[in-house]
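Here are some short exercises to try with the model open in your viewer. Have a go at each task before you read its solution.

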Amino acid sequence: MTLSKAQQTLIEKARNPGSSEMAAPLTDDDCAFLIAVIVRDLHIETLFPEIRFDDVPEFFATPPHRFTGRYALRLNDAFDRLFSSVQDADTYFSCLASLYKARLKYERILQQQPFPTFEQVGPRGLLQYGRLSAQSLTALLYW
């Protein structure tokens, strides 16, 4: 089975960084990581013997990770196997990719923005969870 036109479009849309200057496009390695997370979540590891799942961190690890060459997947083949094995896996990938890109974008904001504006304090406080002490995070949110 090959990827349908709709699935190809969905993948390209997920990989597209968008128009924000802080947006982060998904690399091949990021897509391979997301596939590994989905495969582990859906318990279909036997379909992907090339992935070492003990090496796949949790999706919500803080901070979000960028992966370089860790998962040696041929992406088109991996997407095809995933999408043909599990109904709605393409939707799962699309949603997970959107969430991952948002986390990467906010990670860039944390690195490049010196001090949050009033509207950014809440979301930034959530992103700082696990990085700041509870006392420092509370002070930031009360500010």
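## Warm-up: the overall layout

From the N terminus on, the protein chain of this predicted model runs α-α-α-α-α-α.

**Exercise 1.** Work out how many helices and how many strands the chain has, and what share of its residues is buried.

*Solution.* Start with the secondary structure: there are six helices and zero strands. Next, turn to burial, where a residue counts as buried under 20% relative accessible area. By that cut-off, 41% of the 143 residues in the protein chain are buried. Then look at the outside: the chain exposes about 8,700 Å², and carbon and sulfur atoms supply 54% of that area. Finally, take the contacts with a separation of 6 or more: residues 24 or more positions apart account for 64% of them.

## Helix H4 and its partners

**Exercise 2.** Find how far H4 reaches from its first C-alpha to its last, and set that against the span expected at 1.5 Å a residue.

*Solution.* Helix H4 covers residues 89–112. It has 24 residues, and the expected span is 1.5 Å times one less than that number. This gives an expected 34 Å, and the model's H4 reaches 34 Å, close to the expectation. While you have H4 selected, colour it by burial: the buried residues include Ala-89, Phe-93, Ala-97, Tyr-100, Leu-104 and Leu-110. Charged side chains are on the buried list too, among them Asp-90, Lys-101, Arg-103 and Glu-107.

**Exercise 3.** Decide how H1 and H4 are oriented to each other, and which residues make their contact.

*Solution.* First, fit the axes of H1 (residues 5–15) and H4: they come within 9 Å and cross at roughly 10°. Angles under 35 degrees count as roughly parallel, so H1 and H4 are roughly parallel to each other. Now list the contact: H1 brings Gln-7, Leu-10, Ile-11, Lys-13 and Ala-14, while H4 brings Asp-90, Phe-93, Ser-94, Ala-97 and Lys-101. Sorted by class, these are five nonpolar, two polar and three charged residues.

**Exercise 4.** Repeat the analysis for H3 and H4: what is their orientation, and which residues touch?

*Solution.* The axes of H3 and H4 come within 7 Å and cross at roughly 120°. That angle lies outside the parallel, antiparallel and perpendicular ranges, so the two helices are oblique to each other. Phe-79, Leu-82 and Phe-83 of H3 meet Ala-89, Asp-90 and Phe-93 of H4. By class, this contact has five nonpolar residues, no polar residue and one charged residue.

To finish, check what H3 (residues 75–85) buries: Leu-75, Ala-78, Phe-79, Asp-80, Leu-82 and Phe-83. These buried residues pack against H1, H2 (28–41) and H4.

## Loops and unusual backbone angles

**Exercise 5.** Look up phi for His-43 and Asp-88, and say where each residue lies.

*Solution.* Begin with the background: most residues other than glycine have a negative phi. His-43 has a phi near 60°, a positive value, and Asp-88 also has a positive phi, near 70°. His-43 lies in the loop between H2 and H3, whereas Asp-88 is found in the loop between H3 and H4. With 64% relative accessibility, His-43 counts as exposed.

**Exercise 6.** In the loop between H2 and H3, is Ile-51 buried or exposed, and how does Asp-55 rank?

*Solution.* Ile-51 has a relative accessible area of 6%, so it is buried. Asp-55, in that loop as well, counts as partly exposed at 25% relative accessibility. Now compare sequence with space. Ile-51 and Ala-72 are 21 residues apart in sequence, with their C-alpha atoms 7.6 Å apart. Asp-55 and Ala-36 are 19 residues apart in sequence and 9.8 Å apart from C-alpha to C-alpha.

**Exercise 7.** Which residues is Glu-45 in contact with, leaving aside its neighbours within four places in sequence?

*Solution.* Glu-45 is found in the loop between H2 and H3 and is partly exposed, with a relative accessible area of 28%. Once those neighbours are set aside, Glu-45 is in contact with Val-39, Arg-40 and Phe-53.

Key:
Residues numbered from 1 in each chain as written. Predicted model: local features only at pLDDT ≥ 70, side-chain atom pairs only at ≥ 80, totals over all residues. Heavy atoms only, no water. Helix = DSSP H or I, 4+ residues; strand = E, 2+ residues; numbered from the N terminus. Buried < 20%, exposed > 50% of the residue type's maximum accessible area, 1.4 Å probe, protein only. Contact = heavy atoms within 4.5 Å. Areas by Shrake-Rupley, 256 points an atom, 1.4 Å probe, with all protein chains shown as cover. Axes fitted to C-alpha atoms, helices over the stretch in contact; angles between N-to-C directions. Parallel < 35°, antiparallel > 145°, perpendicular 65-115°, else oblique.
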